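Notebook open, structure loaded. I want to work through the strands, the core and a helix, and jot down what I find.

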Amino acid sequence: MSSDLPERLTYGEWTRALKEGRLLGQACGACANVLGTPKGACPHCGTRDLETVELPTSGEVYTETTVMVPPEGVEERGYQVAVVQVGEARVMGRVDGNGGEVHVDIGDSVELTGYIKGEGDDPAPLFRPAD
């Protein structure tokens, strides 16, 4: 493990890293599964032996959808979210580009460009098509 990575990844550390333009995940010491968001235990084998790892900030769209009926309290409609394969992990985030007129398809290359603020201080990764 790198010396600047937390021993145990918390949601607060994950969001702090995201705000710095980094993606952190967890690698399972038992089954080698890599997770894109902090968990208390590996969802595949159940072990709590999870090591914090740095994830790539670019990847490939694994799946995507356009949200036409947003959650309560969100006025914007027609925005795209995607699950992005970054290294061995998958991370869900918002897709946006210049003025929001960007669309990606499954298999497209994307890169992390920042984060979008949710309610409170809950950021979500923001991706755009890679050049």
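These are my entries, and the thing I looked at is a predicted model.

**Strand pairing**

I started with E5, residues 79-86, and checked its partner E6: the two run antiparallel, with 7 bridges between them. For one register point I picked Gln80, whose bridge partner in E6 is Val95. The hairpin made by E5 and E6 has 2 residues between the strands, and there I noted Gly87 with a positive phi near 65°.

Next I went to the other pairing of E5. Strand E4, residues 58-67, is antiparallel to E5 and joined to it by 7 bridges. Gln80 turned up again here, since Thr66 stands opposite Gln80 in E5.

Then I followed E6 onward. E6 pairs with strand E8 (residues 123-129) in the parallel sense, over 2 bridges. As a register point for that pair I wrote down Arg94, which stands opposite Leu126 in E8.

**Burial of the strands**

Are E5 and E6 mostly covered or mostly open? I counted 6 buried residues out of 8 in E5, so to speak a mostly covered strand by the 20% relative area cut-off. E6 (residues 89-95) is mostly covered too, with 5 of its 7 residues buried.

**The core**

Which residues have the most contacts inside the largest nonpolar core? I got Leu23, Leu55, Val86 and Phe127, in a core of 22 residues. I then looked up who contributes: helix H1 (11-19) and the strands E1 (23-28), E3 (50-55), E5, E6 and E7 (109-117) each supply at least two residues.

I picked Val86 for a closer look. I skipped its neighbours within four places in sequence, and the contacts left were Leu23, Leu55, Pro56, Ser58, Gly59 and Val91. Two names on that contact list, Leu23 and Leu55, are also among the residues with the most contacts inside the core.

**Helix H1**

Last stop was H1. Its buried residues are Trp14, Thr15, Ala17 and Leu18. Why do I say they line one face of the helix? Looking down the axis of H1, the buried residues fall within an arc of 160°, so they sit along one face. I also checked what they pack against, and the answer was E1, E7 and E8. Just after the helix I flagged Gly21, which takes a positive phi of about 90°.

Technical notes
Residues are numbered from 1 along each chain as its sequence is written. This is a predicted model: local features need pLDDT of at least 70, side-chain atom pairs count only at pLDDT 80 or more; totals for chains, interfaces and linings use all residues. Side-chain values use heavy atoms; hydrogens and water are left out. Buried means under 20% relative accessible area, exposed over 50%, partly exposed in between (1.4 Å probe, protein chains only). Helices (H or I, at least four residues) and strands (E, at least two) are DSSP runs, numbered from the N terminus. Two strands pair if DSSP finds at least two bridges between them. A nonpolar core is a set of buried Ala, Val, Leu, Ile, Met, Phe, Trp, Tyr and Cys residues joined through side-chain atoms within 4.5 Å. Contact means heavy atoms within 4.5 Å. The arc is that of the directions from the helix axis to the C-beta atoms.
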